[in-house]
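Please look over the sequence and the model shown here before reading on. The paragraphs below are meant to be followed with the structure open beside them.

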Amino acid sequence: MMQKAAFYKTVAELAAAGPERIPAELISTEHVIYNSPASLVFNSPGAEGFGVKRAGLAIPGSIMLLVGPGCCGRNTTILSEMSGYSDRFFFYTMDETDIITSRHLQKIPQAIREICESSEKAPSVVMVCMTCVDALLGTDMERVCRKAANEAGIPVVPCYMYALTREGRKPPMVAVRQAVYSLLKSRKRRGDAVNLLGYFSPLQDDCELYDLLKQAGVKHIREISRCDDFDEYLAMSEANFNLVLHPESRLAAQDMEERLQIPSIELTRMYDTEKIHKQYGIFSKVIGVSLDDRPYKDEAEATAEEFLKKYGPVRVAIGEMMNGDAFDMAAALSKYGLDVREIYGTVTAESFVRLRQLAETNGSIKVYSNLSPTMLHYKDDESIDLAIGKDAAYYHPKAAHVFWNQEIQPFGHRGVTTLFHEMTRAMEGHRI
């Protein structure tokens, strides 16, 4: 009997094939999806981290009405038990009559009015979270929300938890980012104000980006997660420009440019200090101000050197359930001198810049897909010393683990420094 094994391709094989010939086993739309650790979180975004439901509550003072069958809201009950969320979630549970007749659409404005009347403090906005049921029904939820806003006297904004759209131009996490900035109105712009778009939680406090922006004369650095109230949120309309730190915020930035005439600049999270330094250099030229990131770069590189001096070229597996791109991190850690053996990630056309880079230095790295049903047959490579990412830790229970999926977001050189500190702690704890 032939022994079954998890499907993989080496980075050399993928780089040689090119983005036009990505194997079907690595493309989620080409097969049944396996609920591995990563896809479990993806399919149930309310259960952990920032999925559509929690992200929709990023606006200060907002509440959410989740409209859908009971099964769609079960994970939200767990999220609603978290600190600060218990009084912000409300449910409209659809029954068979609602689904057949669309009766629920007439009741949503009434439900919102009752929620607002029963609240001790009037919400700043009501987010109406819709599920795949209304996607299949073809519901014009924007019209329903406009009617509800007129009746309730406060803004009502739709957000869509449509798993059906995850492969399209506007997947759920892209759409919800656009939704949370949709209430911003045009204001006089300030030359000393900048918005950071991308995440629903802030960058780490010691991230050098804050200091570099202050070097450029920026006095007001606004992130939606650091807005204390609705007025601070509205003040984001004053920004001279937006810094887009995550590609899923591109559409939101484009919308703000069209509506509010706020242009945007994109910075990418990377773990190679040379590439980070080069990116800051390009940013400096765009804004016309000289920025000095070298102290942060030197610190990050010294931390990496110290790790290699202490532990040598440890054998690493890198997953996608972490704060970063698995292929970018693999290329960076390989450059620092670590021995990357495995990557668990979604291969896209954008991945091939790093795949080709990796192919030149270590073409034998194995690339797996968390979503491939063949992962049922994955066998742990017990030679792995360190697993980065929650999924990689699942596949390698005996290795040292760095989950690297904290809510506070790492970025830039300080992100690299913090990563190597976490890797050091994991190795030290593993050897005790």
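What follows is a walk through parts of this predicted model, taking its sheets and some of the helices in turn.

We begin with an open sheet of four strands, in which the order is β3-β2-β4-β5 and the pairing is parallel. At its edges lie β3, residues 89-93, and β5, residues 156-160, each of which pairs on one side only. Direction ignored, neighbouring strands of this sheet are turned by 25° against each other on average. Within the sheet, strand β2, which covers residues 62-68, pairs with β3 in the parallel sense over five bridges, and Leu66 has Phe91 in β3 as its bridge partner.

Two helices can be placed on this sheet. Helix α6, residues 104-118, lies across β2, β3, β4 (125-130) and β5, and it runs at about 150° to β2. Helix α8, residues 141-152, packs on the sheet as well, where it touches β4 and β5, and its direction makes about 155° with that of β5.

Helix α8 deserves a closer look, beginning with its length. How far apart are the end C-alpha atoms of α8, and what span should its twelve residues have? At 1.5 Å a residue the expected span is 16 Å, and because the end C-alpha atoms are 16 Å apart, the two values agree. The next point is which side of the helix is covered. Met141, Val144, Cys145, Ala148 and Ala149 are buried in α8, and because they cover an arc of only 140° around the axis, they fall on the same side of the helix. This spacing can be read against a general rule: an α-helix has 3.6 residues a turn, so residues three or four places apart point the same way. The buried residues of α8 pack against α6, β4, α7 (132-137) and β5, whereas Arg143 and Asn150, on the other side of α8, are exposed. After the helix comes Gly153, whose phi is positive, near 80°.

Further along the chain, strand β8, residues 241-244, offers a second place to follow side chains. Which way do the residues of β8 point, and are they buried or exposed? Phe241 and Leu243 point one way from the strand while Asn242 and Val244 point the other way, and all of them are buried. The general pattern is that in a regular strand the side chains alternate between the two faces of the sheet.

Strand β8 also has pairing partners. Strand β6, residues 193-197, is joined to β8 by four bridges, and the two run parallel; here Asn195 stands opposite Asn242. Strand β9, residues 264-266, pairs with β8 in the parallel sense over three bridges, and Ser264 in β9 is the bridge partner of Asn242. Between β8 and β9 the chain crosses through helix α12, residues 250-260, and this β-α-β crossover is right-handed.

The remaining sheet is described last. Six strands form this open sheet, in the order β1-β12-β11-β10-β13-β14, and the pairing is mixed. Its edge strands are β1 (9-10) and β14 (400-402), each pairing on one side only. Three bridges connect β14 with strand β13, residues 386-388, and these two strands run parallel, with Ala400 in β14 as the bridge partner of Leu386. Helix α15, residues 326-336, lies across β10 (315-318), β11 (339-344), β12 (366-368) and β13, and it runs at about 180° to β11.

Methods
Residues numbered from 1 in each chain as written. Predicted model: local features only at pLDDT ≥ 70, side-chain atom pairs only at ≥ 80, totals over all residues. Heavy atoms only, no water. Pairing = 2+ DSSP bridges. Axes fitted to C-alpha atoms, helices over the stretch in contact; angles between N-to-C directions. Contact = heavy atoms within 4.5 Å. Buried < 20%, exposed > 50% of the residue type's maximum accessible area, 1.4 Å probe, protein only. Right-handed = clockwise from strand over helix to strand, strands pointing away. Expected span 1.5 Å × (residues − 1). Arc of directions from axis to C-beta.
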